[in-house]
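Me: Please take a close look at the loops of this model and at selected residues within them. I would like one connected account.

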Amino acid sequence: MYEVYSDGTCIHSDVTPLTNCKLLSPKLVLQDNTAGTFTAILPQQNIGCGHVHRLTSEISILRDGREIWSGRIIDEQVDFWNRRHLTCEGELGYLNDTTQPPAEYHDYTVRQFLEVLIAEHNRKVTAEKRFTVGVVTVHDTND
């Protein structure tokens, strides 16, 4: 069972017969080391039609009640029937919202280097766009 939420409101469920809770042509593309993408067509009668906004609405996709993807709308086109064609990018895309200052890094482990970059990003964004460094398994003999 798949469900799509926009800011906590269910805008698609593949088990409900209600037409106001259906997206047309939903497609999720997941890949390693990328943000992933989600595209769908939001019909006018959908419950979320007036509440889904580009770059601000948080889109979440759940499979059997467990979140498998989260992101935001980055592009929107409206067709002849006033259906909204949405293109979304995954959370990793939030890293594109900030810049890193010019700097030199010496005598850092890979983990320390990542922590410096993520800390700089986290200083510049709101709480929902922050990251933490997880498990780092890369070992660099040069450090």
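Reply: Helices and strands are here taken as DSSP runs, numbered from the N terminus, with at least four residues for a helix (H or I) and at least two for a strand (E). The model is predicted, and the loops below are named by the elements on either side.

In the loop that runs between β2 (9-13) and β3 (24-29) one finds L18. Its relative accessible area is 49%. Because exposed requires over 50% and buried under 20%, L18 is classed as partly exposed. L28 follows ten residues along the chain, and the C-alpha atoms of L18 and L28 are 22 Å apart.

The loop between β6 (66-78) and β7 contains D79. With a relative accessible area of 19%, D79 is buried; the cut-off for that class is under 20%. The side chain of D79 takes part in two of the contacts described here: one of its polar atoms lies 3.0 Å from the backbone nitrogen of W81, and a polar contact of 2.8 Å links it to the side chain of R83.

Beyond β7 (84-90), the loop leading to α1 (110-124) holds Y108. Y108 has a relative accessibility of 32% and is therefore counted as partly exposed. Together with F113 and L114, Y108 makes a nonpolar surface patch of about 220 Å². Membership of such a patch requires over 30% relative accessible area, and Y108, at 32%, meets that requirement.

In summary, D79 is a buried loop residue, whereas L18 is partly exposed, as is Y108.

Terms used:
Residues are numbered from 1 along each chain as its sequence is written. This is a predicted model: local features need pLDDT of at least 70, side-chain atom pairs count only at pLDDT 80 or more; totals for chains, interfaces and linings use all residues. Side-chain values use heavy atoms; hydrogens and water are left out. Patches are made of residues with over 30% relative accessible area and no salt bridge: like charges are joined within 9 Å, nonpolar side chains (Val, Leu, Ile, Met, Phe, Trp, Tyr) within 5 Å. Accessible areas come from the Shrake-Rupley method with a 1.4 Å probe; for residues, only the protein chains shown count as cover. A salt bridge is a side-chain nitrogen of Lys or Arg within 4 Å of a carboxyl oxygen of Asp or Glu. Buried means under 20% relative accessible area, exposed over 50%, partly exposed in between (1.4 Å probe, protein chains only). A polar contact is a pair of N or O atoms within 3.5 Å; within protein, one must be able to donate a hydrogen and the other to accept it, and residues adjacent in sequence count only if both atoms are side-chain atoms.
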